[in-house]
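Here are some worked exercises on a two-chain model. Have a go at each one before reading its solution.

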Amino acid sequence: MPQTLYDKIWQAHDVGQRIDGNSLLYIDLQLLHEVTSPQAFEGLQLASRPLWRVDANLATPDHNVPTDGRELGLSGITDEVALTQVLTLDDNCKKFGVEQFDIQDVRQGIVHVVGPEQGATLPGMTIVCGDSHTSTHGAFAALAQGVGTSEVEHVMATQCLVQNKAKNFAVDISGKLAPHVTAKDLVLAIIGRLGTAGATGHTIEYRGQAIRDLSMEGRMTLCNMSIEAGARAGLVAVDDTTIDYCKGRPFAPKGEVWDKAVAYWRTLVSDDDAVFDSVMRIDAADIAPQVSWGTSPEMVCGIDDRVPDPEAMQDAIQAESAGHALKYMDLQPGQRIIDIKVDRVFIGSCTNARIEDLRAAAAAIQGGHIADNVKEALVVPGSGLVKAQAEKEGLADIFTQAGFLWRAAGCSMCLGMNPDQLGEGEHCASTSNRNFEGRQGYRGRTHLVSPAMAAAAAVAGHFVDVRETN
Amino acid sequence: MDSFTQLEGMTAPLDRANVDTDQIIPKQYLKSIKRTGFGDYLFDAWRFLDQGTMGMTPNERQINREFVLNLPQYQGASILLARDNFGCGSSREHAVWALKEFGFRAVIAPSFADIFFGNCFKNGVLPIVLDAKVVEGLIAKSDGKFTLHIDLKSQTVSDGECVYDFTIAPALKQKMLNGMDDIDMTLEEVDLIKIFEAKHKASQPWLFRG
């Protein structure tokens, strides 16, 4: 029977199906960070259970680490509660023998940037992490899912997840993206059409010419936000782009084993006649740079659009949600997106903090300087290695000369667990993934955009169409 | 894990769709290394008018008197009625820990986000999916005196007049009824996992670094 890519990875990890229909799914890699692992490690210790496979775990602190004063190491963390959490990760990794890139390691960074960068993420793997953006790793044709802390502990203790197989959803993107329209715009447009629960219960496979044309960085951005459409996992099939990216990375296989691995990875594509439970088709050429206007990632439109009118919406619940959102965002129906002023700019997060993102953002500055009304523009690389690379390429200088703050790696203002937060009522052009109420700071107002759109907004002081300014 | 068999309780209506886990428990409280201590911060930005930090008690806070869970008639509610896609966004299990500690043992909604739904079953909180129209009706009836009887064994929710059936995966039902521990259950299959692992290692040796 023809299989989808998801079917193939599932089958290769299915330990066995129970009478009740659930399967035990074997997990190849668990990524750990400081926020969702302490309770799991504690549970393991309380029950005197060992870690099933030490080498299947990799840890780094990312969520609450400060992005300045990194040279101070642990003493740079002034928030005592946050420090305790980082120290707890250090202790647990030592106690259980888990490899960790600690706060002073150049390889430290956002787990979803670090895994691929190190080659710890490989095609065909099953990956979990106590973080919903684990879907990022699907870019490598790896079945990667976010899990709660109880499941983190379950995988620590058993190397398995108990799971029901999800349905298959094909998102088929034909054609070519217009210049300056990126994977971020593409995924926001997809979420805008699917809705925030549109792919609940499904694994998405992104297919079509526009996906094949994306770099690995672009594919990671795309898969990263699958959860924003309700899907626990998103996938892109293996091709030369995937294999070229993995080659030579520290954790990737070498020599004969590499050849054997590549031969297997080449099979990680959906069969031609595979059947999907749902299909959505979009022509890439129709997509404009996107800007979110509301408090859910589905509340998004093109840069040349206007803020929608809730009263014109057919669905009563949708209209009510939009009404709430506009009040929270302090926006008026019919207002032009380009007229929205920005107070802060954040370039970073597991969605958009890779080298390609920083290159695109730096290019969009075009010799300009952040506008007077922009209080702060932060650039937070996804890892210490991305930071070093950007400095080597001169990108850091471009940012700092333009008035941006150049920081050390971490999740930073994507969720504002560290000191990088929005002030009350501030509008932020953000390359992150969630525009939920208060996500980036108490009563802060987030607009999700691509790195180029964020940088261009920083210079203009309001949203602009990068197709026209570049 | 706590078992769940029956629940007789008052309902509180949360009349919003797509309630995300950032709303259920905001990020500043995720710095804890414990599973407890989150109840005071449930729906923090909606329940309070000031910005909270970890360690603050509700007595020190400015209460939002208009928010539904602060209305006097809903004090002591143990069943939360919600709209579509409840629990979307972040995978933080802290959201379920907060709901439970606040006093909710069941959430009834037309649909839930996947990760949140799974997290409920790890903590003895029962998420029940009922038709949107039925939920609408229950929300309309929730006046602070309105109670529901949930019986997991018969998979029913009743309000004294009407009885609504709900579906639940048999495995999840058994687990909740008996309060079974997932890890204990899986470790009963330790031999099966080891056999699989050996085969897996032989076919994809590059996945094993040790």
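**Exercise 1. Work out where A:N224 sits and what surrounds it.**

Start with the secondary structure: A:N224 belongs to helix α8 of chain A (helices are DSSP runs of H or I with at least four residues, strands are runs of E with at least two, and both are numbered from the N terminus). Before going further, a word on ground rules: this is a predicted model, where local features need pLDDT of at least 70, side-chain atom pairs count only at pLDDT 80 or more, and totals for chains, interfaces and linings use all residues. Residues are numbered from 1 along each chain as its sequence is written, chains are lettered from A and ligands numbered from 1 in the order in which they are written, and side-chain values use heavy atoms, with hydrogens and water left out.

Next, accessibility. A:N224 counts as buried because its relative accessibility is 0% (buried means under 20% relative accessible area, exposed over 50%, partly exposed in between, with a 1.4 Å probe and protein chains only).

Now list the neighbours. Skipping residues within four places in sequence, A:N224 is in contact with A:H133, A:S135, A:T136, A:C350, A:T351 and A:N433 (contact means heavy atoms within 4.5 Å). With A:T136 there is also a side-chain to side-chain polar contact of 3.0 Å (a pair of N or O atoms within 3.5 Å; within protein, one must be able to donate a hydrogen and the other to accept it, and residues adjacent in sequence count only if both atoms are side-chain atoms).

Last step: go 11 residues along the chain to A:L235, and the C-alpha to C-alpha separation from A:N224 is 9.9 Å.

**Exercise 2. Do the same for A:E228, and find the partner of its side chain.**

First, place it: A:E228 is in the loop between α8 (216-224) and β11 (233-235) of chain A. Then check accessibility: A:E228 is at 2%, so it counts as buried. The side-chain partner is A:R434, in a polar contact of 2.8 Å between the two side chains. Finally, beyond four places in sequence, the contacts of A:E228 include A:H133, A:I191, A:P297 and A:N433. Notice that A:H133 and A:N433 also turn up in the list for A:N224.

**Exercise 3. Describe chain A as a whole: what is it built from, and how many of its residues are buried?**

Count the elements: chain A has 16 helices and 19 strands. Buried residues make up 67% of its 470 residues. For a local example, take helix α1 (residues 5-13), where 7 of 9 residues are buried; among them are A:Y6, A:I9 and A:W10.

Then look at overall size. The C-alpha atoms fill a box of roughly 55 × 55 × 45 Å along the principal axes. A compact globule of 470 residues would have a radius of gyration near 23 Å, and the 21 Å of chain A agrees with that (taken over C-alpha atoms; the globule rule is 2.2 Å times the number of residues to the power 0.38). As for contact range, of the contacts between residues at least 6 apart in sequence, 76% join residues at least 24 apart.

**Exercise 4. Characterise the interface between chain A and chain B.**

Begin with area: about 5800 Å² is buried between the chains, with carbon and sulfur atoms giving 56% (accessible area, 1.4 Å probe, that two parts lose on being put together, summed over both). In chain A, A:Q39, A:W52 and A:Y442 lose the most area to chain B, together 11% of what that side buries. By residue, the contact takes 78 from chain A and 60 from chain B.

Then the polar side: 10 salt bridges cross between the chains (a side-chain nitrogen of Lys or Arg within 4 Å of a carboxyl oxygen of Asp or Glu). One of them joins A:R49 and B:D181 at 3.5 Å, N to O. There are also 34 residue pairs in polar contact, both at pLDDT 80 or more. Helix α5 (residues 149-158) provides the largest share of chain A's side, 7 residues.

**Exercise 5. Which residues of chain B does A:H154 touch?**

A:H154 lies in helix α5 of chain A and is buried, with a relative accessible area of 3%. From chain B, A:H154 touches B:D182, B:I183 and B:T186. Within chain A, its contacts include A:Q159. That residue is in the loop between α5 and β8 (160-163), and its phi is near 60°, a positive value in a residue other than glycine.
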